[in-house]
Amino acid sequence: MYHKTTGYRVFSVFNYAFMILAGLLCFLPLLHLLAQSLSSKAAISGNLVSFWPVGFNMDAYVKTFSNSNFISSMWTSILRTVLGTSISMFILTCAGYALSKEFRGRNALMWFFIFTMLFSGGLIPSYILVTGLGLKDTIWALVLPGAFGAYNLILLVNFFKTIPKALEEAAFIDGASFFAILSKIYLPLSLPGIATVSLFIMVGHWNSWFDGILYMSDASKYPLASFLQTVVVQSNMQNMAMSQSEVEAMSEQSIKAAQIFVSTLPIIMVYPFLQRYFVKGIVLGAVKE
């Protein structure tokens, strides 16, 4: 058997070593963040923290969760992710099911959507449009502009094409409508593809920060990624509402580490439930008969 050959065994060793190294490169920075968030100011200032807390304390998390701007930004991100994913998946599944069929003008319509992947209206026209529609400073400014993605549409279209046509034809003979076929045949059989695209959309909404700063004039309405951008990248600690005594007693770096670690937890918690569909969804969505 091929798996007993020397070449295959050598390949397996290097493959497992590479995967372990890649896993450590993802895990160790997160572990370092956790250690920093639980360490004292003196330990962080002395560069003594690696992967284990030094001078253990929970002050950074107490301050983080007592900050109203952080809590409101997290709630905004959760609401945005739930609404954005739900609306996008509804639009994409309906469009993907329709475009997986052969009809006159289908190719022209597909190329129209592909064109949007290559060219856009630009930042200023997008801002004028969102402002003109009265969406600025609302959650819809974060949800509606990105509700439709051509790349995700192509994934779903190709995935729907892998479903045997015989199932749809049998349903038509039994008197099923298009909506019944979509809900009772295509959606249950397309869970890997739907889970994959949903994960892409969820991560995109959760990590998006620029549109929050662009469309929200009040820091209390920022999504979490935008809030972290102002605090971590721009080092604007005014949004943390820290007193002078707290600034002197706590490390800025530990607070930033605590916020970044907390912001990664929702996606880390969701991913294991979708992981079993992920690889299958990517492979099947890329295959076209």
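## Salt bridges

This predicted model contains two salt bridges. Side chains of opposite charge can pair when their charged atoms come close.

Which side chain does Arg80 meet in a salt bridge? The partner is Asp211, with 2.5 Å from N to O. Arg80 sits in helix 4, while Asp211 belongs to helix 12, residues 210-215. The two are 131 residues apart in sequence, so the pair ties together distant parts of the chain. Arg80 and Asp211 are both buried.

Lys101 and Glu168 form a salt bridge as well. Their closest N and O atoms are 2.6 Å apart. Glu168 lies in helix 9, which covers residues 165-173. Lys101 lies in the loop between helix 4 and helix 5. This pair therefore ties together parts that are 67 residues apart in sequence. Glu168 is buried, at 8% relative accessibility. That value falls under the 20% limit for a buried residue.

## The overall fold

How many helices and strands does the protein chain have? There are 15 helices and zero strands. The chain has 289 residues, and 39% of them count as buried.

Contacts often span long stretches of sequence. Take the contacts between residues at least 6 apart in sequence. Of these, 71% join residues at least 24 apart.

## Nonpolar cores

In soluble globular proteins, nonpolar side chains tend to be buried together. The largest nonpolar core in this model has 22 residues. Leu153, Leu156, Tyr186 and Val197 have the most contacts inside it. Five helices each supply at least two residues of this core: helix 4 (68-99), helix 5 (106-118), helix 8 (150-160), helix 10 (178-189) and helix 11 (191-207). Which helix gives the most to this core? Helix 8 does, with six residues.

Leu156 shows how such a position is surrounded. Setting aside residues up to four places away in sequence, Leu156 touches Met89, Leu92, Thr93, Gly193, Ile194 and Val197. Another core, of 20 residues, lies apart from the largest one. Its members include Leu142, Met216, Val231 and Val262.

## Aromatic pairs

The whole structure has ten aromatic pairs. One of them joins Phe65 and Phe70. Their ring centres are 6.0 Å apart, and their planes meet at 85°. The pair is edge-to-face. Phe65 is partly exposed, at 43% relative accessibility. Phe70, in contrast, is buried, at 0%.

Trp209 and Phe210 give another edge-to-face pair. Here the centres are 5.7 Å apart and the planes stand at 90°. Trp209 is partly exposed, with a relative accessible area of 35%. Phe210 is also partly exposed, at 43%. Ring pairs also link Phe65, Phe70 and Phe227 into a cluster.

## Ser263 in helix 15

Is Ser263 buried or exposed? Ser263 is buried, with 10% relative accessibility. The residue belongs to helix 15, which covers residues 252-285.

The Ser263 side chain reaches the backbone oxygen of Ile260 at 2.6 Å. Ser263 also has partners farther along the chain. Beyond its neighbours within four places in sequence, Ser263 is in contact with Trp206, Leu224 and Leu228.

## An unusual phi at Asp137

Most residues other than glycine have a negative phi. At Asp137 the value is positive, near 65°. Where does Asp137 lie? Asp137 is in the loop between helix 6 (123-132) and helix 7 (140-143). This residue is partly exposed, with a relative accessible area of 25%.

## Cysteines without disulfides

A disulfide is a covalent bond between the sulfur atoms of two cysteines. The structure holds zero disulfides. Cys26 is exposed, with a relative accessible area of 61%. Cys94 is partly exposed, at 28% relative accessibility.

Key: Residues numbered from 1 in each chain as written. Predicted model: local features only at pLDDT ≥ 70, side-chain atom pairs only at ≥ 80, totals over all residues. Heavy atoms only, no water. Disulfide = S-S within 2.5 Å. Buried < 20%, exposed > 50% of the residue type's maximum accessible area, 1.4 Å probe, protein only. Phe/Tyr/Trp six-rings, centres within 6.5 Å; stacked < 30°, edge-to-face > 60°. Helix = DSSP H or I, 4+ residues; strand = E, 2+ residues; numbered from the N terminus. Polar contact = N/O pair within 3.5 Å; in protein donor to acceptor, adjacent residues only side chain to side chain. Contact = heavy atoms within 4.5 Å. Core = buried A, V, L, I, M, F, W, Y, C linked by side-chain atoms within 4.5 Å. Salt bridge = Lys/Arg side-chain N within 4 Å of Asp/Glu carboxyl O.
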